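Student: Please take me closely through one part of this model, chosen so that its packing can be followed residue by residue. I would like one connected account, with the criteria spelled out as you use them.

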Amino acid sequence: MAMSSLLKRFQDKWKSYRHRFVPWIAFNLRKNERSLRKVTEQSKDRLVSDEELSETLIPFFRALLRNDIACQGEVLRLLSTTTRARYISPEDHERPERGEPGGEHRRPLETMLHTTGFCIERKPSSLPFAGTGVFVTRGFVPKRTTVAMYPGTIYQAFEPILFQSIWNAFVFRCIDSVLIDGNDRGISKMIYRSCSGRDRLGPFALSDATWLTVSTKNPLAVGQYVNNSTNDRTANVYYQEYDVPKEFPLELRQYLPNVNYRHDTQRPLRCVVLVALRDIHPGEELFSNYFTIVN
Ligand SMILES: C[S@@+](CC[C@H](N)C(=O)[O-])C[C@H]1O[C@@H](n2cnc3c(N)ncnc32)[C@H](O)[C@@H]1O
């Protein structure tokens with residue numbers, strides 16, 4: 001076969017890779033061929049609609065806000081009476097230190113358990129030499145549930161990411177070549193912090209930067225620590241892009257763990273969620289497919 005046609009075949013194959021964590025995966029792929037996810041069309045790579053994703057995220061974020069009500073005074077003041085009523089009941093006006101109406105203030109992980117029925121947390125991976133992984137520590141995750149979010153700075157396909165990507169195992173590639181830098185250290189961390197601080201609307205934060213710290217406001221935002229499946233440990237979650245719709249409540253954007261690198265990006269904010277491919281039980285580690293091939 002001529003060199004040019006070989007090169008063309010290689011380029012076509014490379015372009016069909018949906019998600020890449022290069023160079024580690026390129027090196028390890030041959031050893032774990034079964035960890036590839038194959039779908040026939042881009043549209044078949046979505047088990048859950050965007051509407052369903054919003055219907056999962058919005059109630060969860062509402063519960064997080066309700067449980068943080070004591071710190072949300074400025075935000076609440078600017079909401080309409082009807083919207084404010086979603087978060088605060090008449091008794092809370094008298095006892096503003098209380099969190100969930102009629103209940104005790106909960107920490108984000110407990111809110112997660114109470115609202116979604118499960119908790120996920122980072123722990124040393126069950127695979128040797130795989131560093132940290134993400135586990136279902138309590139509760140049960142039914143198939144098709146949103147289990148985690150992939151936090152980080154969003155770079156459109158044409159935006160420069162060279163320095164941030166050097167030796168960075170956390171750069172995730174979306175189907176349309178948008179990149180997400182989910183590294184919580186070094187220059188990546190500084191860039192996220194600076195973009196997140198820049199993009200505010202008065203008292204309304206439009207993104208969450210606490211995933212860069214130990215006290216995370218949104219416990220779903222640990223998806224960047226999910227390890228790749230192997231021949232023995234098959235994937236139990238997959239990645240799905242979610243473009244935040246313009247109707248997404250302003251007061252809940254403070255829980256979105258993504259921010260655009262460029263402040264003048266015209267597209268909706270890109271998020272990526274991890275969705276359960278099957279029921280997942282407590283104690284199980286989450287495994288994804290770092291590569292999906294769209295044929
Ligand atoms: C996106 S990070 C995942 C978080 C990583 N485990 C950590 O502790 O930083 C990707 C890196 O995790 C490691 N990794 C992921 N899946 C693995 C596997 N199945 N076996 C060994 N290492 C793995 C590789 O070092 C890879 O570059």
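**A sheet and the helix that lies across it**

Tutor: Of the 295 residues of the protein chain, 34% count as buried, a residue being buried if 20 or more other C-beta atoms lie within 10 Å of its own, exposed if 12 or fewer, and partly exposed in between, with C-beta atoms placed from the backbone. The model is predicted, and for that reason local features need pLDDT of at least 70 and side-chain atom pairs count only at pLDDT 80 or more, while totals for chains, interfaces and linings use all residues. Residue numbers start from 1 along each chain as its sequence is written. The protein chain has nine helices and 15 strands, both taken as DSSP runs numbered from the N terminus (H or I over at least four residues for a helix, E over at least two for a strand). Among contacts between residues at least 6 apart in sequence, 74% join residues at least 24 apart, where contact requires C-beta atoms, placed from the backbone, to lie within 7 Å.

The part to examine is an open sheet of three strands in the order 4-13-11, with antiparallel pairing; two strands pair if DSSP finds at least two bridges between them. Strand 4 (146-149) and strand 11 stand at the edges with a single partner strand each, so one side of each is left without a neighbour in the sheet. On average, neighbouring strands here are turned by 35° against each other, direction ignored; axes are lines fitted to C-alpha atoms, for helices over the stretch in contact, and angles run from 0 to 180 degrees between N-to-C directions. Strand 4 is joined to strand 13 (residues 270-276) by three bridges in the antiparallel sense, and within that pairing Ala 148 has Leu 274 as its bridge partner.

Leu 274 also appears in the surroundings of Val 237, which is found in strand 11 (residues 237-243). Val 237 is buried, because 25 other C-beta atoms lie within 10 Å. Leaving aside residues up to four places away in sequence, Val 237 touches Val 147, Val 226, Leu 274, Val 275, Ala 276, Leu 277, Leu 286 and Ser 288. By contrast with these contacts, the C-alpha atoms of Val 237 and Tyr 192, 45 residues apart along the chain, are separated by 26 Å.

Just ahead of the sheet, in the loop between strand 3 (132-139) and strand 4, lies Arg 144. Most residues other than glycine have a negative phi. Arg 144, although it is not a glycine, has a positive phi of about 75°. Arg 144 counts as partly exposed because 14 C-beta neighbours lie inside 10 Å.

Helix 3 lies across strand 4, strand 11 and strand 13, and its direction makes about 80° with strand 4. Two packed helices are described by the angle between their axes and the distance between the axes. Helix 3 (residues 50-66) packs with helix 7 (residues 108-116) at an angle of about 140°, their axes being 10 Å apart. That angle is why helix 3 is oblique to helix 7, since angles under 35 degrees count as roughly parallel, over 145 as roughly antiparallel, 65 to 115 as roughly perpendicular and the rest as oblique. The crossing of helix 3 past helix 7 is right-handed, the term used if the near helix is turned clockwise from the far one by less than a right angle, with anticlockwise giving a left-handed crossing. At this contact, Pro 59, Phe 60, Ala 63 and Leu 64 in helix 3 meet Pro 108, Thr 111, Thr 115 and Thr 116 in helix 7. By class, the contact has five nonpolar, three polar and no charged residues, with Ala, Val, Leu, Ile, Met, Phe, Trp, Tyr, Cys and Pro counted as nonpolar, Asp, Glu, Lys and Arg as charged, and the others, Gly among them, as polar.

A four-stranded sheet can be set beside this one: it is open, has the order 6-7-5-12, and its pairing is mixed. Its edge strands are strand 6 (171-173) and strand 12, each pairing on one side only, and its neighbouring strands are turned by 25° against each other on average, direction ignored. Helix 9 (residues 186-198) packs on this second sheet, touching strand 5, strand 7 and strand 12, and its direction makes about 80° with that of strand 5.

Technical notes
Two residues are in contact if their C-beta atoms, placed from the backbone, lie within 7 Å.
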